[in-house]
Amino acid sequence: MRQHYFCRSPFAAVLMLASVCVIRGADLRSNPASLMGSKPTLPAAELRVETLPVAGGAELVTLIRRVPGGPELPVLSVVRDTLGDVDPRNDRLSEVYFHTYAAPSIWQKAFSTVPFFYWRGGPGKSDNPQRRPKALLDLNNADGPAWEGVVWAGFQRLVLDGFGTPVRATTRSYAGNKSDLRNTQMFRAAGVVNRMDDEDTPGLSDGEQEQLLARLLLATSATGGWVSDSSLNRVSVKKQAALAYSRGQNWELLRQRAEAESLYFSPINYAGSDSFGMLWIAKPDLETPPRRAFSNQFLAIADPWNDERLKRWNGYTETWYFDGSGARVPAAGEGIQAREMIPLALYALEHPRVPLRLVDFRDENAPRRREIFKRSTRDLITQFAGWSRFTNWYYFAGHSAWFFVTGRRGGAVDRNSRQSAYSLFRTFLWFDESMDPRLREELRRRESLLNLNPLDTKELSEEMVARRHYDALLAWLGSPDGEKHLNNLRRAELTRYRHSAKTQALYQVLSIASLGMYRHRDSSPHFLEQLDVERKLSQQAAFLDRTLCSTQLLEITADLNAVRQAVEVLGQYPREARRWNGAKLIRRVYGTTFDSDTRNTCLLALGAIDKATGTHEVLALNGPGPAGE
Amino acid sequence: MRRLLLFLLPGVLAWCAPVSFAAEPARRVVILKVDGLPQWSLDRAVAERDARTGKSSLPWIDYVFYQHGTRFSRFFVRGISLSTPSWSILDTGRHMMIRGNVEFDRYTLRPYDYLNFFPFYVGYARKQTVDMPSVEVIDDCGIPLLADHFPYAQRYQGMQLFQRGVSWTTLRRGVEHKIRSLTFGLVLEEVNTGFELGAAVTTQAERELIRELSDPDVRYLDYFTGEFDHVAHGTRERLAQRRSLEELDALVGRVWSAIRRSPFPDQTLLVMVSDHGMNTDEKLYSQGFNLVDVFTGPAGGGHHVVTNRYPLQNFKLKGLDPFVNTVFTASPAATYLRDQSKEYPTVTLDLDGNERAAVSLRNSDLNQLHLLLTGVKDRETGALLHSAMANAAMELIDRHRVEWQRKADELEQELVAVGHARQRLEDEIAALPRSWSKQQVENGEDKQERRKRVRLGEMDSNEKSYAAYLHTLRMLLALTPAQVTERAFHIPDVIAPRAMGDLNRPGQLQNYVVGWGERGPLLDANGDLDSSASFRRIDYLQLLDGLRVRNAPQPEAGNRPIDFVAVVIPPSALAWMPEGERPIDGAIWLAQGRGGALLLVRGDRLRYLPVANLRETSEGEVRFDPQPWRAGLPLEVFEDPSFHPLGAERERWLAGWHTEEEWLDASAEGRYPNAVPSLREQLLLTTPKALRDDAPNLAEEERLVRRFQMRTRRLVATDLLVFARSQWNFNVRNPNPGGNHGSLLRRSMHSVWMMSGGPAPQGMDVRTPYDSLRFAPTILHLSGQGDCQGEVLDALPVTELTHQGCGPARTGID
């Protein structure tokens, strides 16, 4: 099994999912009741992967949620373009579809332009099976949304803001909600991909899964789309490390704070990691509150010891059992004491720096109020005052100082991280079937209050939306329009291989300026053959670059067969290999090994390049070997 | 093609057989110092195959050390598994002189903060320091570093805990290189994942190490990395830790390749060594237990506590202060010292390493005296009680008078001698040239001069601070009954602020005075103060043993955070024991409440004795009831299935006296390897050769200076050494859920020592257990500076790598 690494500051919570690909069943710790063995629990929902052929030489890989005994539900699909052959070296993932995404209705769009309107919208617009469902992300055009963002920000600042407060407020409000919706879908999609067990559901390879996850998470950042494919592995590693770090830190921080305040902490396991934590109070303890004053640092809840509501509590409770030493045990028995436990709050543990309170069982509107306060303050400043960190230095200084001080003291200041945590919580509730149904229902009700986006759909309508969306996608991909679209994507991809970064940037700007009417696509009649070559070269060049960067002697660290095969591919297409620095890579291989077979392969490949391009790459070889002997 | 192969052949041979056993000493030594790298973790990673390549997941370490080098698969920490003490042994080959990452002087509360680089760098820039604090301490003890055995111009030292000097160019070039190497793509990547400026410096240090390898004059090079330790403290996740190991593996590859290109490819000894292991488990979080809360809380005595860092410093603005080394945490439950947290803290805590805590409590009798004098000063105290308190105070002073007087006299003599030595040093410095030639700078003579100035400042500061304590002690001794009765004294004049006083005896720790009793001071039938009923007392050994937590969500870790507590018992307290059983050098009580076990120390032999009902009599004798062997004793010597010998033989073996090596061999596969010798090393200070005041022909003044130096080392001793159970830790700075070290547990004690190249045999796995004291002698021996008599260092080189007559052969359990 391979794990994937994700998210730090901007993405924090979603990354939690990242560390795990195995769907483990109901972990005992995920359900306090199951720990005690006193209550029956349902098995957790699982994912299976279904791969369907698509007209034009592609596959549709779909992650399907299945609850034992319940209906199956398509969740996420990704198109894998195989160019119609069985050679995996030229396969490429392209568009990603998240099926619970429903295009907002006209009313939702209208409400989203209203400043300070923080209510989730209705069921969304039903997809017409005849129309093309909208892709969440195109992996071959990851920088497209980033360019759009830049152009839109400039347009907003230079044009729309100039029309005065009403236009500025409405346009900014709409843009903000739209961006939030997109980010939420990205985080949720990443969460679903993370649930994949690559042993039981071999739909996507490790590399594909990693690429998909990294791209989904990077897409939530303004500049993430510009991160190159060669950096995805490093990015994902760093993000997963940050995520694992946050998870452990928050787990322990919350446990220690619970201990200091004489409360109880229980972790909740999701997809193999303790991603959430709950805080409890023992009802009998309310009779003898601790003598010291309650501190809500990191807990963000009101003093439970002087709360009359808890003494009259008739909400959800659990019974826990303790032995004589105070250690919790799974079941009742001799010398075992039973205690009624009242839940106080639930926290996201993968939020950076501090646990983020998601649910307050005594005051269900408290997390929503906090979020509304933060968001309305920001909206007031940006939409009405028209201040921006990039244009108003006083605001920049004040904002940075506030951000630093509040963050340093443990405040949840980063909006993207909060959003990520909310999305993960939603995904968790969607998937988890192991929790006591009463508790899950309480959590679902409270979770729905956290969504402030009028463009978002209600949870109850998501399942219906998902089925319709998936059906529409299948119908469309099977249609001539679908095949045409696939070829358009291929031509666009070929453009990216064959043009410089500057030219590509120009094409992007032209596309945005023409509101998408103009899109440059290479129109060679042999584009499929060309794409086949370019994909193979891109993959092998990336492999060689990655391998060479991490070693001084290939025979110690690398699989020489794989290296030779990569060199052979570069030599096989000598003219095209120049675009991928093929000769340079081969020279590096030659200088990093003593293996005669590999060196011979290098010489042959360089010879082929020399012959085809008229260069003298063989003569450029210098140095007898890696260590200079 | 044939010509090509012939051309390549020498290189291929050189690569494929990079290490050939050579009896010739190494011309050059390169040491990769890795903080907190556990042997078990490395073994596991090396054994795992990378599915993509079919090779080890750490291919370079596998190739260089496992296949073509020598490794010590049973290499253990000596002392506790903590960085500064452990590196002090590895870097010197001498017994431990530093026993924590921070130490507080009991008389002056001076913090020796060994881990904080920032003040060192700033001090160096201001020409106020030249060495890290740890190096200053061992210099004062006359102990050279391993690097010091090589001439100044022939060594290259990286940034580390035991660092001499600062290479500003490393910092500057590191940042410059980082900025220069930033491409648009890299900036984007870092914007989305966080900037890594810190790595710029370590990468630069590596580049410089590799550059220095091409200089044939450099004979000693080292490089320090704390990355794995840092990652493993933060996260238990295997992949994150694996990533760190992979980076280490790549470093080995780069250094090894550079050695192959260097002038002495076959005569360079490449060494990888770690100071300790790491108790990390991918299925469990390490849970913190807050001892600061215990000691500041009402049940713990309501102490004002001193630490070297702020609790939860990452969430405090003042936690950004990089110079902080003394933090006072006031107790809300304080009674007689309320609002005096900075003047009269009564507990110091060194929590670093985290699986152990060194606790110093102010001497219980000082507390009692403080209470009495405060009561006497209180004008609202009734006449009878006032008189009784005054009498009790004088009685307490009289009880200690002889001992305190002796200590005051000795300290005064020493301070006079130190003053004279300081004067001589001042004259010596005045005679030194004001400027240095390039040649002198290259030979490090300017650093020597600055070192002398630092030493001068140190002596001056010591004189003043100890003189202040001495003055208070003299004032206390001079206190007359009339002065006490008439309240003619100021408490700060007679009870030294910011001082812990002398170490508490075991009996004091069991009856520690923390304040007045519930009913306040009481008189007995004779009108005297009823000292047994008047004071609130705490048995700290019982208290610590009885601690439980309610939040222990991992059943495997249990809800008892404390394993056992180690307390030193002076030999005089056990003088009543029969001749054959009596320890000569003292004992260590491994306390579990009132029971546990005693480690008796007699010369080079140690014995483990289960005891119960340990108590101190009014005559100062420590008495106990010997107990039969049972499971559950500290160190689990009786039930540990991996402790040798096995079965019935074990009981007989345990009843005897054994050498340190025998204890090491017996416990090498056990749950607490090398624990018994380590406890001795940690708690019973060994006087270094350079500070022995019984050396022949020693001038009186020099003898006193040496005695003073040893006194300063003894004054940082602590009362309690508290060990955490596995998967518990005492860190309060910030959570350390990934893993911790500091204990005597196997995962923390099992460390790494591997060598390759030069005289190191290929493919050798030394199964004989060794501890870190053998490291430096072996490295010196292999580099041609052998010390087969143990005259210079405190141990001999390992037997397997020496030839003819370098100490007796070790017989391991294999």
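1. In this predicted model, a helix-to-helix contact in chain A brings Leu560(A), Val563(A), Arg564(A), Val567(A), Glu568(A) and Gly571(A) of α18(A) against Asp597(A), Thr598(A), Thr601(A), Cys602(A), Ala605(A) and Ala608(A) of α21(A). The residues of this contact between α18(A) and α21(A) comprise six nonpolar, three polar and three charged ones.

2. As for the geometry of that contact, helix α18 of chain A covers residues 560-572 and helix α21 of chain A covers residues 596-613, and the two pack at an angle of about 10° with their axes 8 Å apart. Angles under 35 degrees count as roughly parallel, and α18(A) and α21(A) are therefore described as roughly parallel to each other.

3. Turning to the aromatic residues, the structure holds 46 aromatic pairs over all chains. One of these is formed by Tyr264(A) and Trp320(A), whose ring centres are 6.0 Å apart and whose planes stand at 85°, so the pair is classed as edge-to-face. This pair links distant parts of the chain, since Tyr264(A) belongs to strand β6 (residues 264-270) of chain A and Trp320(A) to strand β8 (residues 318-322) of chain A, with their positions 56 residues apart. Tyr264(A) and Trp320(A) are both buried.

4. Another pair involves Phe298(A) and Phe315(B), where the ring centres lie 4.7 Å apart and the planes meet at 65°, so this pair is edge-to-face. Phe298(A) is placed in the loop between β7 (273-282) and α8 (308-311) of chain A, while Phe315(B) is placed in the loop between β11 (305-307) and β12 (327-329) of chain B, so the pair joins two chains. Phe298(A) has a relative accessible area of 8% and is buried, and Phe315(B), at 8% relative accessibility, counts as buried.

5. In chain B, a single aromatic cluster is made up of Phe72(B), Phe75(B), Trp753(B), Tyr770(B) and Phe775(B).

6. Charged side chains also sit over aromatic rings in chain B: the charged end of Lys377(B) is found over the ring of Phe489(B), 5.1 Å from its centre, and Arg747(B) lies over the face of Trp40(B), at 3.9 Å from the ring centre.

7. A last point concerns Glu660(B), which is located in helix α23 (residues 660-667) of chain B. With 18% relative accessibility, Glu660(B) counts as buried, because buried means under 20% relative accessible area. When its neighbours within four places in sequence are left aside, Glu660(B) is in contact with Arg78(B), Asp604(B), Leu606(B), Pro677(B) and Arg680(B).

Technical notes. Residues are numbered from 1 along each chain as its sequence is written. Chains are lettered from A and ligands numbered from 1 in the order in which they are written. This is a predicted model: local features need pLDDT of at least 70, side-chain atom pairs count only at pLDDT 80 or more; totals for chains, interfaces and linings use all residues. Side-chain values use heavy atoms; hydrogens and water are left out. Axes are lines fitted to C-alpha atoms, for helices over the stretch in contact, and angles run from 0 to 180 degrees between N-to-C directions. Helices (H or I, at least four residues) and strands (E, at least two) are DSSP runs, numbered from the N terminus. Angles under 35 degrees count as roughly parallel, over 145 as roughly antiparallel, 65 to 115 as roughly perpendicular and the rest as oblique. Contact means heavy atoms within 4.5 Å. Ala, Val, Leu, Ile, Met, Phe, Trp, Tyr, Cys and Pro count as nonpolar, Asp, Glu, Lys and Arg as charged, and the others, Gly among them, as polar. Rings of Phe, Tyr and Trp (its six-membered ring) pair if their centres lie within 6.5 Å; planes under 30 degrees apart count as stacked, over 60 as edge-to-face and the rest as tilted. Buried means under 20% relative accessible area, exposed over 50%, partly exposed in between (1.4 Å probe, protein chains only). A charge sits over a ring if NZ of Lys or CZ of Arg is within 6 Å of the ring centre and within 35 degrees of the ring normal.
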